[in-house]
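Work through the exercises below with the coordinates open. Try each task before reading its solution.

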Amino acid sequence: MPAYSDVEVGTQIPAQQFTVQRHNLVMYCGASGDFNVIHWNERIATAVGLPNVIAHGMFTMAEAGRVVTDWVGDPGAVLSYGVRFSKPVPVPDDDQGTVLTVSGVVEDKLDGNRVRIGLTATIGEDTKVLMAARAVVRLP
Amino acid sequence: MPLNQDFVGREYPASATYEVGREHIRQFADAIGDQNPLYRDREAARAAGHRDVVAPPTFLTTLSYRFGLDSPIVDPALDLNYAMVVHGEQSFEHHRPVYAGDVLTSVSKVASIRDAGRNELMTMVTEVTDADGQPVSTITSTLVSRGTAAPKEA
């Protein structure tokens with residue numbers, strides 16, 4: 001785990017790419033209990049005006065959170081985590097899926113060895129799917 | 001049709017407790033593709049100072065589905081069409097990590113229902129507590145009900 005004393009405002013968190021395919025959403029339906037049809041039924045998703053089946057916002061949030069937990073190592077160090085879902089993540093029925101790119105930066109150093117991390121999550125040509133995505137973690 | 005404003009301020013205590021399962025944490029970690037050993041290996045978690053495997057930061061979202069029937073979302077009087085719902089905002093303030101073996105309960109409150117253009121935003125705040133009544137997490141969740149805001153006067 002990075003040490004508080006080694007981290008500065010502006011320290012970059014290693015970026016990651018996540019490929020989201022239909023089977024990931026089916027697994028997330030089962031694991032989370034969120035079986036909203038818009039996450040697995042293209043017929044209904046498009047009928048209600050969505051571009052395609054869309055990923056659970058909570059799935060996108062969880063993937064983005066992996067950038068934080070991979071950096072700190074210990075998920076128990078995450079004190080808070082919040083996001084706004086700004087755009088849906090459409091997931092086509094193909095073998096490529098949708099690539100979610102997540103990067104992070106230390107935005108602030110707080111008391112009690114805490115730091116606030118800002119996350120950026122995009123799909124396609126720099127479409128931001130999360131806004132105000134921030135986590136506060138406690139470092140040693 | 002707009003959502004029923006009478007729901008603002010209503011509280012929804014969970015009608016049961018929720019025991020966090022080690023295998024459920026593993027299943028959730030598998031679903032998000034996360035191989036972190038602290039989600040899977042009790043000894044690794046203990047070596048890191050935890051009493052059991054740790055739940056991922058967003059794991060407690062599962063509570064809202066486990067306790068789904070204790071939610072206003074399923075009450076027909078709210079006039080919410082779930083197929084028209086997308087997730088607007090979500091945050092977790094963790095007062096302590098969640099561990100396998102925790103026996104949790106929660107109370108959700110409808111904090112607000114407000115218009116945002118043609119959509120409506122419904123915000124719920126859920127306080128999660130453990131078997132000793134101690135705070136575990138405060139979850140704030142905003143749902144977007146697409147296109148249901150009352151038409152505005154020109």
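## Exercise 1: A residue on a strand

The model is predicted. B:Glu93 is partly exposed, its relative accessible area being 43%.

Task: Check the exposure class of B:Glu93, then list its surroundings.

Solution.
- Step 1. Buried means under 20% and exposed means over 50%. B:Glu93 has 43%, so the residue counts as partly exposed.
- Step 2. Place the residue: B:Glu93 belongs to strand 3 of chain B.
- Step 3. Set aside neighbours within four places in sequence. B:Glu93 then contacts A:Leu79 and A:Ser80 in chain A, plus B:Val136, B:Ser137 and B:Thr138 in chain B.
- Step 4. Take one C-alpha distance. B:Glu93 and B:Thr140 are 47 residues apart along the chain, and their C-alpha atoms are separated by 8.5 Å.

## Exercise 2: A strand with two partners

Task: Which strands pair with strand 2 of chain A, and in which sense?

Solution.
- Step 1. Locate the element. Strand 2 of chain A spans residues 78-85, and six of its eight residues are buried.
- Step 2. Find the partner within the chain. Strand 6 (residues 130-138) of chain A pairs with strand 2 in the antiparallel sense, over six bridges.
- Step 3. Anchor that pairing with a residue pair: A:Phe85 stands opposite A:Leu130.
- Step 4. Find the partner in the other chain. Strand 3 (residues 85-94) of chain B also pairs with strand 2 of chain A in the antiparallel sense, over five bridges.
- Step 5. Anchor this pairing too: A:Val83 stands opposite B:Gln90.

## Exercise 3: An arginine in a loop

Task: Is B:Arg40 buried or exposed? Which polar partners does its side chain have?

Solution.
- Step 1. Locate the residue. B:Arg40 sits in the loop between helix 1 (22-31) and helix 2 (42-47) of chain B.
- Step 2. Apply the cut-off. The relative accessible area of B:Arg40 is 18%, so the residue is buried, given that buried means under 20%.
- Step 3. Look for side-chain partners. A polar contact of 2.8 Å links B:Arg40 to the side chain of B:Asp30.
- Step 4. Look for backbone partners. The B:Arg40 side chain reaches the backbone oxygen of B:Asp34 at 2.6 Å.
- Step 5. Add the wider contacts, not counting residues up to four places away in sequence. Among them are B:Arg26, B:Ala29, B:Gln35 and B:Val53.

## Exercise 4: The nonpolar cores

Task: How many residues has the largest nonpolar core, and which helix gives the most to it?

Solution.
- Step 1. Count. The largest nonpolar core has 62 residues.
- Step 2. Pick out the residues with the most contacts inside this core: A:Trp71, A:Val115, A:Leu119, A:Val137 and B:Leu60.
- Step 3. Name the helix. Helix 3 (residues 57-72) of chain A gives the most, with nine residues.
- Step 4. Note the separate core. It has eleven residues, including B:Leu78, B:Leu80, B:Ile113 and B:Met122.
- Step 5. Recall the background: in soluble globular proteins, nonpolar side chains tend to be buried together.

## Exercise 5: Chain A as a whole

Task: What is the order of helices and strands in chain A, and what share of its residues is buried?

Solution.
- Step 1. Count elements. Chain A has three helices and six strands.
- Step 2. Read along the sequence. The pattern is β-α-α-α-β-β-β-β-β.
- Step 3. Take the burial figure: 53% of the 140 residues of chain A count as buried.

Notes: Residues numbered from 1 in each chain as written. Chains lettered and ligands numbered in written order. Predicted model: local features only at pLDDT ≥ 70, side-chain atom pairs only at ≥ 80, totals over all residues. Heavy atoms only, no water. Helix = DSSP H or I, 4+ residues; strand = E, 2+ residues; numbered from the N terminus. Buried < 20%, exposed > 50% of the residue type's maximum accessible area, 1.4 Å probe, protein only. Polar contact = N/O pair within 3.5 Å; in protein donor to acceptor, adjacent residues only side chain to side chain. Contact = heavy atoms within 4.5 Å. Pairing = 2+ DSSP bridges. Core = buried A, V, L, I, M, F, W, Y, C linked by side-chain atoms within 4.5 Å.
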